[in-house]
Amino acid sequence: MNIDSIKEGLVIDHITAGNAMRIYNLLGFDKLECSIAIIKNVNSKKMGKKDIIKIDSNIDINLEALGYIDPGITIDVIRDSKLVEKRHVDLPETLHGVLRCKNPRCITSVEQELSQEFMLTDRENRVYRCIYCEAKAN
Ligand code: ZN
């Protein structure tokens, strides 16, 4: 893949420097078959340094998970080598299936088929709590 020009795919831009691998891991990009380029510590006028992830395919991306990690991220959607859409994420009110509750006594640890859900309880400090046991995420 030529990392400067994508014909079809996504560019996840304005990632806070150092967060690219967290996104890669949390969103399960290791399981993708397409080419992925992670570019770290790119000079940015706005941010000083930033990370960028380029994906050579128009995959469905978990916007909740992206917003949770880094609400300043933008996603460029590329088709026929043209930018067709610019998406913004925000700190989500709820997270579905993004995090697992670490409380061993939580009902989701016992009943594995329950969906993992977290709620934003403190926007300023970005605190999420399990909706079942109210344990703090990480
Ligand atoms: Zn819980």
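# How the labels in this structure are earned

Analyst: Let's start with I107, which sits in helix 3. Keep in mind that this is a predicted model.

User: Okay, why is I107 called partly exposed?

Analyst: The relative accessible area of I107 is 39%. Buried would need a value under 20%, and exposed one over 50%. I107, at 39%, falls in between, so partly exposed is the label.

User: What makes I107, M119, I131 and Y132 a nonpolar surface patch?

Analyst: Nonpolar side chains such as Ile, Met and Tyr are joined into a patch if they lie within 5 Å, have over 30% relative accessible area and make no salt bridge. I107 clears the area cut-off with its 39%. Together with M119, I131 and Y132, I107 makes a patch of about 330 Å².

User: Let's move on to the metal. How do you know which residues coordinate the zinc ion?

Analyst: A donor has to be an N, O or S atom within 2.8 Å of this metal. The SG atoms of C101, C106, C130 and C133 are at 2.2 to 2.3 Å, so they count as donors.

User: And why is the site of the zinc ion called tetrahedral?

Analyst: For four donors, the label applies if all angles lie between 85 and 135 degrees. Here the angles among the four donor atoms are 102 to 113°, so the site is tetrahedral. Along the chain, the donors of the zinc ion follow the spacing C-x4-C-x23-C-x2-C. Take C101 and C130, a pair that links distant parts of the chain, 29 residues apart: C101 is in the loop between strand 6 (94-96) and helix 3 (107-110), while C130 belongs to strand 8 (residues 127-130).

User: How do you know that C130 is buried?

Analyst: Its relative accessible area is just 2%, and anything under 20% is buried. C106 passes the same cut-off with 1%, and C101 does so with 10%.

User: With those cysteines around, how many disulfides does the structure hold?

Analyst: Zero. A disulfide would need a pair of cysteine sulfur atoms within 2.5 Å.

User: Now the charged residues. What makes K86 and D76 a salt bridge?

Analyst: The rule asks for a side-chain nitrogen of Lys or Arg within 4 Å of a carboxyl oxygen of Asp or Glu. K86 and D76 meet at 2.9 Å, N to O, so the pair qualifies. That contact links distant parts of the chain, ten residues apart, with K86 in strand 5 (residues 82-88) and D76 in strand 4 (residues 74-79). D76 is buried at 10% relative accessibility, whereas K86 is partly exposed at 43%.

User: Why do R123 and E93 meet that rule for a salt bridge?

Analyst: Their N-to-O distance is 2.8 Å, and the limit is 4 Å, so R123 and E93 count too. This pair also links distant parts of the chain, 30 residues apart: R123 is in the loop between strand 7 (117-122) and strand 8, and E93 is in the loop between strand 5 and strand 6. R123 is partly exposed at 40%, and E93 is partly exposed at 47%.

User: What about D30 and K31, how far apart are their closest N and O atoms?

Analyst: They are 4.0 Å apart, and D30 and K31 form a salt bridge. K31 has a relative accessible area of 66%. With the cut-off for exposed at over 50%, K31 is therefore exposed. A search of the whole structure finds five salt bridges.

User: Why is S57 called partly exposed?

Analyst: S57 has a relative accessible area of 25%. Since buried means under 20% and exposed means over 50%, S57 is partly exposed. You'll find S57 in the loop between strand 3 (48-55) and helix 2 (63-69). Its C-alpha atom is 31 Å from that of A137, which is 80 residues away along the chain.

User: Finally, what does the secondary structure of the protein chain come to?

Analyst: Three helices and eight strands, in the order β-α-β-β-α-β-β-β-α-β-β along the sequence. The C-alpha trace spans about 50 × 30 × 25 Å along its principal axes. As for burial, 38% of the 138 residues count as buried.

Conventions: Residues are numbered from 1 along each chain as its sequence is written. This is a predicted model: local features need pLDDT of at least 70, side-chain atom pairs count only at pLDDT 80 or more; totals for chains, interfaces and linings use all residues. Side-chain values use heavy atoms; hydrogens and water are left out. Donors are N, O and S atoms within 2.8 Å of the metal (3.2 Å for Na, K and Ca); water is not among the atoms, so sites may look incomplete. Four donors count as tetrahedral if all angles lie between 85 and 135 degrees; four count as square planar and six as octahedral if opposite donors are over 155 degrees apart and all others between 65 and 115; anything else is irregular. Helices (H or I, at least four residues) and strands (E, at least two) are DSSP runs, numbered from the N terminus. Buried means under 20% relative accessible area, exposed over 50%, partly exposed in between (1.4 Å probe, protein chains only). Patches are made of residues with over 30% relative accessible area and no salt bridge: like charges are joined within 9 Å, nonpolar side chains (Val, Leu, Ile, Met, Phe, Trp, Tyr) within 5 Å. Accessible areas come from the Shrake-Rupley method with a 1.4 Å probe; for residues, only the protein chains shown count as cover.
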